[in-house]
Amino acid sequence: MQFETERLSMRRMTMDDLDAVYSHRKNPNTSKYIGAPATFESAKERLVQACQPWKGEQNERLILAIVSKQKRKLIGELVFKYVDEEKKVGEIGFRLAEDEIGCGYGYEAAAALIKEAFQQCSVDTIQAMCAVGNQQSQRLMLKLGMKRKCRLKAFLDIGGEKHDIYIYQLTKACYLEL
């Protein structure tokens, strides 16, 4: 899967992306609500996984690079996976380099991914999750047209501590009305 917006290109990762991926994954501020900051080895493992052919199997991650057209550099990543093939539910995720947060790139990339997922991945529902304390992601999901569906207690392990998460969803029918 590869697609573009006005300012961004989304493409499959390559091993040449390692320095940029490690840079944003090791940052405690961009990892705060996702997990422990990455080591070089864990970032490399993640990238090796991202470079593998995607088969579209349930819970298999499709990891895409978010590239700024103007800066000609990787500024973050998008994730898509099927979480329930029978019910046609997909899940998205995103992460940006700290310097790129607040520029509208998260919305632009996630909105484009939602469009592509509904068009290419035969899903009827897109969901995303975020830590309850992650106000910025919650606002982004609402801006994307997603609705908060539930709160899962002690679902996410961040640095050995369990955190509650919210799950947001957007149905294809609602998306088409936006």
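The lining of the largest pocket divides into 18 nonpolar, 11 polar and 10 charged residues. The model is a predicted one. In it, this pocket holds about 1,200 Å³ of space. Its lining counts 39 residues, and those closest to the centre are I34, G93, F94, R95 and S137.

Which elements each supply at least two residues of this lining? They are α2 (28-31), β4, β5, α4, β6 and α5. The largest share comes from α5, with 7 residues.

Now turn to the sheet. It is open and has 8 strands. Their order is β1-β2-β3-β4-β5-β6-β8-β7. The pairing is mixed. At the edges lie β1 (3-4) and β7 (147-158), and each of these pairs on one side only.

Look next at β6 and β8. Strand β6 covers residues 125-131, and strand β8 covers residues 161-171. The two pair in the antiparallel sense, over 7 bridges. I126 has L170 in β8 as its bridge partner.

Helix α5 (residues 135-143) packs on the sheet. This helix touches β5, β6, β7 and β8. Its direction makes about 160° with that of β6.

Then comes helix α4, made of residues 105-120. It lies across β1, β2 (8-12), β3 (62-68), β4 (73-84), β5 (89-96), β6 and β8. Helix α4 runs at about 40° to β4.

Back to the pocket. Both α4 and α5 are among the elements that supply at least two residues each to its lining. So are the strands β4, β5 and β6.

Technical notes. Residues numbered from 1 in each chain as written. Predicted model: local features only at pLDDT ≥ 70, side-chain atom pairs only at ≥ 80, totals over all residues. Heavy atoms only, no water. Pairing = 2+ DSSP bridges. Helix = DSSP H or I, 4+ residues; strand = E, 2+ residues; numbered from the N terminus. Contact = heavy atoms within 4.5 Å. Axes fitted to C-alpha atoms, helices over the stretch in contact; angles between N-to-C directions. 1 Å grid on protein atoms, 1.4 Å probe; cavity = no way out; pocket = protein on both sides within 12 Å on 5 of 7 lines; lining within 4 Å. Points joined across faces, edges and corners; volume = space filled by probe spheres on them. Nonpolar A, V, L, I, M, F, W, Y, C, P; charged D, E, K, R; others polar.
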